[in-house]
Amino acid sequence: MDILVYLLFFILVFIVLYQDTEERFIALFLGTILFPACVAIIKSPYFSPQNALLYGFFAVEIVKNYSKFKEDFLKFPLKIPLLIIAFSYLGTSFFNGGLWPKALYNIGRQIFENYAYIFAAYIVGSRVDFNSVLKKLFWPVVVYCGLGIFEGLFAVNYPYKWICSAFPVYDGYYDLASNISVRRAWRIRTCITTKHPTALGTLLCCLFLVYLPKLKDSQWSRWKTFGILGLLGLNLYLCGSRTALLCTGIAVAFFLIRRYHPGIKIFVVGACCFASVLYIHQAIEHFSQENRGSSISLRQEQLIFSALQIAESPIFGNGLFFTSKTIFE
């Protein structure tokens, strides 16, 4: 299995280095969801398969398509927000330890590895027909959903274990020496190759909303679209992320009524408000039960804890890696 995992990784690296922009973006996307962020090729400096594909994507863009890359960067609409974020990183680092070379290095990596994906998506969206990208992702997404159904049925996650075991560095939640299962006694949960079921829910919600408009696209078969939406919806249920289910449900409702007469929209909104008033008590009871995921009391404790931490240094924060290092430990 280690050989197969590395073979898959190097195939994706080859595509990122030698294929066109569309193929390279697909390889970057697949590599990002297949190789969890909790595995690394080397520990110091921490360098994961995701990092290798992301840095490779932009290295090729700069070398092969520099003029187009420069043009895309100048047109990129999120430069100002990302610049503000960068100054925030610099500010919190300066007031909590100084801007030493290592701090600048950490800041650069944090910003690039968190936000460069947005720019990669913008590059692809400005150069290729995104319909083509979605068509090429169709079967990989179907296979990925199949892995989720298998995990949901048998309460064991083999892909995650095989992939994480193949790499020399692992910093995840689960014990690779035993069968991995995130199912709970009171609900089904799956994570496939993501770090946590919540991350999987976010991914599936985004994929669902990307494929949903294809129901109105004459270039797409209705049965294929219904099929992939059905698989994504089933996996949304299996992953157990209530937030992802709620967001998807609201988005689908908006999609279905957005072209109707305003009176119908007002009626639907009113009906939803009326239903929420009727069932709010049951919802509060459900989310108040302890040992059943993130209860209301747990959320309140987290909120109070966060407010106290922010109150200690509301302007300049606590420096880099405060949450991941200090709080978690």
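Begin by selecting Lys214 and Asp217 in this predicted model, where the two side chains meet in a salt bridge with an N to O distance of 3.8 Å. Both Lys214 and Asp217 are buried. Next, select Arg24, Glu61, Asp72 and Arg127 together, since salt bridges that share partners join these residues into one network.

In total the model has 9 salt bridges, and another one to display is the pair Glu23 and Lys136, whose side chains meet at 2.7 Å, N to O. This pair links distant parts of the chain, with Glu23 in helix H2 (residues 21-34) and Lys136 in helix H7, 113 residues apart. Glu23 is partly exposed, at a relative accessible area of 25%, and Lys136 also counts as partly exposed, at 37%.

For a pair within one helix, move to helix H4 (residues 66-75), where Lys75 and Glu71 lie 4 residues apart, about one turn of the helix, and form a salt bridge of 3.1 Å, N to O. Lys75 counts as exposed because its relative accessibility is 52%, over the 50% cut-off, while Glu71, at 33%, is partly exposed.

Turn then to the largest nonpolar core, which has 62 residues, with Phe35, Phe57, Phe58, Val141, Tyr211 and Leu232 having the most contacts inside it. Helix H7 (residues 130-154) contributes the largest share of this core, 8 residues. Select Phe35 and, leaving out residues up to four places away in sequence, look for the residues it touches, among them Val5, Phe9, Pro49, Ile163 and Phe167.

Finish at Thr248 in helix H11 (residues 242-257), which counts as buried at 5% relative accessibility. Beyond its neighbours within four places in sequence, Thr248 is in contact with Cys205, Phe208 and Leu236.

Key: Residues numbered from 1 in each chain as written. Predicted model: local features only at pLDDT ≥ 70, side-chain atom pairs only at ≥ 80, totals over all residues. Heavy atoms only, no water. Core = buried A, V, L, I, M, F, W, Y, C linked by side-chain atoms within 4.5 Å. Buried < 20%, exposed > 50% of the residue type's maximum accessible area, 1.4 Å probe, protein only. Helix = DSSP H or I, 4+ residues; strand = E, 2+ residues; numbered from the N terminus. Contact = heavy atoms within 4.5 Å. Salt bridge = Lys/Arg side-chain N within 4 Å of Asp/Glu carboxyl O.
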